[in-house]
Amino acid sequence: MVDFPPRRKPSRKGSMADVPKDLLDQIKELERLFSVDQAKLKEVTEHFVKELEKGLSVEGGSIPMNPTWVMGYPDGYETGTFLALDMGGTNLRVCEIILPEENGEFEIIQSKYRMPDELKAGDSEELWEYIADCLQQFIEYHHEVEDLEQMDSKLPLGFTFSFPATQDFIDHGVLQRWTKGFDISGVEGKDVAPLFEAALEKRKLPVRLSALINDTTGTLIASHYTDNTMQIGCIFGTGCNAAYMENCGSVPKIAHYNLPPDMPIAINCEYGAFDNELVVLPRTPFDVIIDNDSPRPGQQAFEKMIAGLYLGELFRLVLIDLHDNKCGLFEGQDISKLRKAYSLDASFLSFIEEDPFENLSETGELFAKELSLKASKPELELCRRLAELIGTRAARLSACGVAAICKKKSIESCHVGADGSVFNKYPHFKARGAQALREILDWPKGKRDPVDIRAAEDGSGVGAALIAALTIKRIKAGNLAGIRNTEGMK
């Protein structure tokens, strides 16, 4: 019997044996630029904790730390029928969620409606009319009523409006600015609730707006509903964000409401704006270019280093620099397609990292198809390593926000509900983030991770319905903090 040596673990770096020295030198330089070691992770996290605190203060800071007026978690015994409206960049989703008497259960019916491009830059009234039309179609189809006015009572609705908005009440929200390709005049700086409600009233729809929410807050609440060890909700997608439950006594900027100090309130961090002052973030020259060329330089510093919108652009900028100034990558070829800003997205890097072949043949085909470039094997090895470095840095830095909330709240063990395209689809993102958490929080080896980031429940649908249910429950209990319109909701 022949004794074979132990099988070598498969390496995602491929073989570097045939990579020329000039390319190897560039790979080492890229590793230096994009690697974030344990000491830097801890430094970023410690500063993050201070910035979370500052955001809760009267003076405020870069991180908005918006109070949401969601005052506590569901207990699993919420019941009733609720509507949820999810306004995204591509689709409008309408859901009906039934919360039965069984603890932590729900039933959902939903329909999607395309958000026409012409509406995104059109008239404010046209937008709300379209949304009301979709709601009307949904109710008429699923309730089989000819006259909506004959319905016995109004259905409470939770509206997921995931655009930057300030809220003095849970059932209102002043739009700060449009994002996601929207540019509708006459809405920024205004409360969107009365605009939406006017469109509902015009059609006499049996719907009452109970709560206006952000998808991250919805993720926190929906995830806790099915798993009560969930204490943080996160989004790692085109952007990044987190929400968690704070005590009112720890939020100085709402002290004038004189709420009980131990009363819980969900905070929507909006922490993509962390370290806009650039105190600790390990930016590369390529991060600086992305920021300078963005619509809002100096804002969303953290988001620009970890969010899906920017990962492909980072990759593209490095390749152009290597071609123009360093090692003549893709020498003698036309790289005009590569020069188009934001022509590569995070899925391009995902594809490269998932290439299972030692010769990186699928990556080679991708470059040929998308960029009309013929890459040599050594060039493909460099591109693979670069994709790994950018993806790994994003995952490791993303863990700093979660670790900071854990440290601030002295959370030693919990589940974290995460959603978003990068978390759900980018290869190894979860494992790389988990490794970074171990390094930041100094967990002993060989034991199960006490803070576990898991796939979240449907925050913008189920979460919105649950928050509507919680709002009605509060009104019945006489806890009216942060609720503007209580009429008809008891």
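## Exercises on rings, cysteines, a sheet and a buried glutamate

Both Phe-161 and Trp-178 are buried. With that pair as a warm-up, here are four exercises on this predicted model.

### Exercise 1: aromatic pairs

Classify the ring pair Phe-161 and Trp-178, then do likewise for Phe-34 and Phe-286, and place each ring in the chain.

**Solution.**

1. Begin with the distance between centres, where the cut-off for a pair is 6.5 Å. Phe-161 and Trp-178 have 6.1 Å centre to centre, and 65° between the planes makes this pair edge-to-face.
2. Now place these rings. Phe-161 belongs to strand β5 (residues 155-161), while Trp-178 sits in the loop between β7 (174-175) and α5 (192-202), so the pair ties together parts 17 residues apart in sequence.
3. Widen the view a little: ring pairs also join Phe-161 and Trp-178 into a cluster with Trp-128, Phe-159, Phe-163, Phe-182 and Phe-196.
4. A search of the whole structure gives 21 aromatic pairs. Among them is Phe-34 with Phe-286, whose ring centres are 6.4 Å apart with planes at 10°, so this pair is stacked.
5. Phe-34 lies in helix α1 (residues 21-34) and Phe-286 in helix α7 (residues 285-293), so the pair links distant parts of the chain, 252 residues apart.
6. Finish with accessibility: Phe-34 is buried at 2%, and Phe-286 is buried at 7%.

### Exercise 2: cysteines without a bond

Find how many disulfides the whole structure has, and check Cys-269 and Cys-414 by sulfur distance.

**Solution.**

1. The search of the whole structure returns zero disulfides.
2. For Cys-269, the nearest cysteine sulfur belongs to Cys-234 and is 8.4 Å away. For Cys-414, the nearest one is that of Cys-406, at 4.6 Å.
3. A disulfide needs two cysteine sulfur atoms within 2.5 Å, so a pair outside that cut-off does not count. Cys-269 is in no disulfide, and Cys-414 is in no disulfide either.
4. Add the surroundings: Cys-269 is buried, with a relative accessible area of 0%, and Cys-414 is buried with 3%.

### Exercise 3: an open sheet

Work out which strands stand at the edges of the five-stranded open sheet, and follow the pairing of β3 with β4.

**Solution.**

1. Write down the strand order, β4-β3-β2-β5-β8, and note that the pairing is mixed.
2. Read off the ends. β4 (107-114) and β8 (207-213) each have a single partner strand, so one side of each has no neighbour in the sheet.
3. Look at the turn from strand to strand: with direction ignored, neighbouring strands of this sheet are turned by 20° against each other on average.
4. Recall the background: strands of a sheet pair through backbone hydrogen bonds, in a parallel or antiparallel manner.
5. Strand β3 (residues 91-99) and β4 run antiparallel, joined by eight bridges. As a spot check, Cys-95 has Gln-110 in β4 as its bridge partner.

### Exercise 4: a buried glutamate

Is Glu-246 buried or exposed, and which side chains make polar contacts with the side chain of Glu-246?

**Solution.**

1. Locate the residue: Glu-246 is part of strand β10 (residues 240-247).
2. Its relative accessibility is 1%, so Glu-246 counts as buried.
3. List the polar partners. The Glu-246 side chain has a polar contact of 2.7 Å with the side chain of Tyr-244, and a polar contact of 2.7 Å also joins it to the side chain of Lys-408.
4. Now leave aside neighbours within four places in sequence. Glu-246 is then in contact with Leu-56, Val-251, Met-263, Pro-264, Ile-265, Ile-267, Lys-408 and Lys-409.

Technical notes: Residues numbered from 1 in each chain as written. Predicted model: local features only at pLDDT ≥ 70, side-chain atom pairs only at ≥ 80, totals over all residues. Heavy atoms only, no water. Buried < 20%, exposed > 50% of the residue type's maximum accessible area, 1.4 Å probe, protein only. Phe/Tyr/Trp six-rings, centres within 6.5 Å; stacked < 30°, edge-to-face > 60°. Helix = DSSP H or I, 4+ residues; strand = E, 2+ residues; numbered from the N terminus. Pairing = 2+ DSSP bridges. Axes fitted to C-alpha atoms, helices over the stretch in contact; angles between N-to-C directions. Polar contact = N/O pair within 3.5 Å; in protein donor to acceptor, adjacent residues only side chain to side chain. Contact = heavy atoms within 4.5 Å.
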